[in-house]
Protein chains: 2
Amino acid sequence: MRADAKRNYDRIVEVAREVFREQGYDASLDLVAKRAGVGPGTLYRHFPTRENLIDAIMQSWVDRVDEAADKALAQEGPPRDLLLHWFEEYVALISLHKGGPAKITSAMDDPASPIRTKCEVLKTAGDRVLDWLRAEGALREGVEVTQVARLVGGVATVADQGDLDPATVRPLLEVVADGLLV
Amino acid sequence: MRADAKRNYDRIVEVAREVFREQGYDASLDLVAKRAGVGPGTLYRHFPTRENLIDAIMQSWVDRVDEAADKALAQEGPPRDLLLHWFEEYVALISLHKGGPAKITSAMDDPASPIRTKCEVLKTAGDRVLDWLRAEGALREGVEVTQVARLVGGVATVADQGDLDPATVRPLLEVVADGLLV
DNA sequence: ACCTGAACACCGTTCAAGT
DNA sequence: ACCTGAACACCGTTCAAGT
């Protein structure tokens, strides 16, 4: 990669992170290009689709997922609390940007999605939590991590689109948790 | 309303129903106007926002909601089956058009939404089902119909956006049901 | 090899001119 | 009172011309 290319690439990612934080994942890419001081063609050369750009932004985000799972597993107390703690971390992680919950959750069912690798990270982190619960004998028979991702992702999507506050979301997560535990 | 105005109004609603069925609720309004043979201004005169048009389309849909609740309540068997039956009817009703689950579920939290009256119909139908369960002593303490709408709406939204088939959705609804019942 | 920016297509929205 | 369609703004996407 040429020096000016790398400079542009980095600048676009940096600006996109800022714009997406302000306006969500559906913000105008034209605006991103303008603010980054590059032509629209340059943006498209580096990131053929919006998802490719989102994927680049999420690079630094991967570490936080594992930390969140660690934190949940370090939790003292009954399995229900541990699961709920993970749920809240999970919702927070995919709700960092408006439109995130919908985008990430539907990417889980799309093998061709550019952000698929990020979804895998989420799944393996989720599996660590579920495995612990299984070992405790606290989890229902036949529960898959994909199902949990869809359920919690669904709650997060509704919360995101309806601008619900955490206090409103909490009881919804409790229902899901109770439905998953023995 | 003048005769030609009414003719245009009806024609737009009819065409919109068709276009939305083909392409979902996010289809181009320009296309609707073109197919209806009216100028874009005419469409905007009758329906200032997309939601106003969706609301008009949903007019005939209201009856089906009450029928669905009737059917669920006529169900024999344990409360869990009854609730799941209602859930499946609910998901089917709001998933008639692509984009419907997200639109309807988030309209529940928006007092200014033009389709709010339709949401109320859904809520009262849901309350009939919940009241029956409460009378049987089968429902958890403190469960609100709004929460149920969000949970099932969330599952429907994920299913809609990920093109999941009913067989995949069913276990998710079971988790929600189990979390809601005593 | 990479960038630029004009150009095109598409859509939503408004409004002056018409009947 | 209502309709029409041109006009504008905005956005995504492509590509010929430039370095």
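This report describes how two protein chains are arranged and how they meet two DNA strands in a predicted model.

## Relation between the two chains

Two copies of a chain are related by a rotation about an axis and a shift along it. In this model, a turn of 180° with a shift of 0.0 Å along the axis lays chain A on chain B, and the RMSD is 0.0 Å. That is the relation of a two-fold axis. The same surface serves both copies, since 100% of the contact residues of chain A recur in chain B.

## Surroundings of DNA strand C

There are 21 residues around DNA strand C, and those that come nearest are Asn8(A), Thr42(A), Leu29(B), Tyr44(B) and Arg50(B). Of the atoms of this strand that come within 4 Å of the protein, sugar and phosphate account for 72%. By class, the surface near DNA strand C consists of eight nonpolar, eight polar and five charged residues.

Both chains contribute helices to this surface: α1 (3–23) and α3 (40–46) of chain A, and α2 (29–36) and α3 (40–46) of chain B, each supply at least two residues. The largest share, five residues, comes from α3(A).

Individual polar atoms can also be located. The side chain of Asn8(A) has an N or O atom 2.6 Å from a phosphate oxygen of DNA strand C. From chain B, a polar side-chain atom of Ser28(B) lies 3.3 Å from a phosphate oxygen of the strand. In the case of Gly41(A), a backbone N or O atom lies 3.4 Å from a base oxygen of DNA strand C.

## Surroundings of DNA strand D

Around DNA strand D there are 21 residues, of which Leu29(A), Tyr44(A), Arg50(A), Asn8(B) and Thr42(B) come nearest. Sugar or phosphate makes up 72% of the atoms of DNA strand D within 4 Å of the protein, and the rest belong to bases. The surface near this strand divides into eight nonpolar, eight polar and five charged residues.

Here α2 (29–36) and α3 of chain A, with α1 (3–23) and α3 of chain B, each supply at least two residues. The element that gives the most to the surface near DNA strand D is α3(B), with five residues.

Which atoms of chain A approach phosphate oxygens of DNA strand D? A polar side-chain atom of Ser28(A) lies 3.3 Å from one such oxygen, and a polar backbone atom of Leu29(A) is 2.9 Å from a phosphate oxygen. From chain B, a polar side-chain atom of Asn8(B) lies 2.6 Å from a phosphate oxygen of DNA strand D.

Definitions and conventions
Residues numbered from 1 in each chain as written. Chains lettered and ligands numbered in written order. Predicted model: local features only at pLDDT ≥ 70, side-chain atom pairs only at ≥ 80, totals over all residues. Heavy atoms only, no water. Least-squares fit on C-alpha atoms with pLDDT ≥ 70 in both. Contact = heavy atoms within 4.5 Å. Near = heavy atom within 4 Å. Polar contact = N/O pair within 3.5 Å; in protein donor to acceptor, adjacent residues only side chain to side chain. Helix = DSSP H or I, 4+ residues; strand = E, 2+ residues; numbered from the N terminus. Nonpolar A, V, L, I, M, F, W, Y, C, P; charged D, E, K, R; others polar.
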